[in-house]
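Please prepare a briefing on the structure shown below, covering its burial, its core and its salt bridges.

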Amino acid sequence: MTPAPGTPPTGLLRRLARLLILGVAAALAALGGGFVWFVWHVPAEEVTLKQNADGIVVLTGGASRIADAIELLAAGHGKRLLISGVHRATSSAEIARLIPRYQRLVSCCVDLDHSAINTVGNAVETRRWVRDQGFASLIVVTSAYHMPRTMAELARQLPDTMLVPFPVVTDKLRNEPWWASAPTARLILSEYAKFVVAQLRMRIEPAAEITGDSSGRAGAKS
């Protein structure tokens with residue numbers, strides 16, 4: 001039977017279908033391999049820092065992140081600490097009251113960033129702070145599952161800065177494998193999806209530029 005005019009040959013359609021199937025299979029394989037890499041880089045145990053850095057940055061959003069970062073500062077692992085993504089109504093005095101034994105340290109050596117509302121903003125404001133301080137190395141404190149995306153965003157904004165990860169591991173992730181808990185599995189899958197989107201975005205968008213001064217951002221103590 002002769003195909004109607006303008007209709008693609010059957011052989012061409014089959015080749016296109018095979019190419020489509022191969023493309024989908026390759027994409028799924030890449031996503032699966034990427035997920036294995038991602039999970040491998042989400043530690044189940046907190047690391048012991050064996051090196052110091054000029055500064056320390058902690059991203060808000062997870063339990064014990066700020067306390068861990070302040071303890072690193074108190075131990076002399078950095079000269080100053082930036083807490084990035086702090087609620088606008090939160091002051092350094094309030095943070096000091098939560099950790100009474102470090103009140104004096106918070107008053108002298110902790111800066112608050114009230115501007116960042118997401119990981120991209122954290123990275124941009126951290127770059128601003130690092131440049132203002134003249135730092136060349138940075139310890140990065142955030143939740144273990146959030147660390148791969150955080151390190152990618154910071155490395156993009158601070159390509160010449162040495163970044164040292166300090167992942168904060170939750171009790172749930174420490175006491176049982178992530179796949180044994182439905183909420184933890186959803187969290188890991190969600191964070192991996194965000195990581196993939198971030199990687200795609202970083203390949204097509206230029207790095208955000210710093211504009212304006214640093215007032216109300218790093219260095220704010222109110």
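Of the 222 residues in the chain of this predicted model, 42% count as buried, where buried means under 20% relative accessible area, exposed over 50% and partly exposed in between, with a 1.4 Å probe and protein chains only. Residues are numbered from 1 along each chain as its sequence is written, and side-chain values use heavy atoms, with hydrogens and water left out. Local features need pLDDT of at least 70 and side-chain atom pairs count only at pLDDT 80 or more, whereas totals for chains, interfaces and linings use all residues.

**Nonpolar core**
- The largest nonpolar core (buried Ala, Val, Leu, Ile, Met, Phe, Trp, Tyr and Cys residues joined through side-chain atoms within 4.5 Å) has 25 residues, of which Ile 56, Ile 70, Leu 81, Ile 83, Ile 139 and Val 141 touch the most other members.
- Helix H2 (65–74) is among the elements that give two or more residues to this core, and the largest share, four residues, comes from H2.

**Salt bridges**
- The whole structure holds six salt bridges, each a side-chain nitrogen of Lys or Arg within 4 Å of a carboxyl oxygen of Asp or Glu.
- Asp 111 pairs with Arg 80, the closest N and O atoms being 2.8 Å apart; because Asp 111 lies in strand S3 and Arg 80 in strand S2, the pair ties together parts that are 31 residues apart in sequence.
- Asp 111 is buried at 3% relative accessibility, and Arg 80 is also buried, with a relative accessible area of 18%.
- In the salt bridge between Lys 79 and Asp 54 (3.8 Å, N to O), Lys 79 is exposed at 53%, while Asp 54 is buried at 18%.
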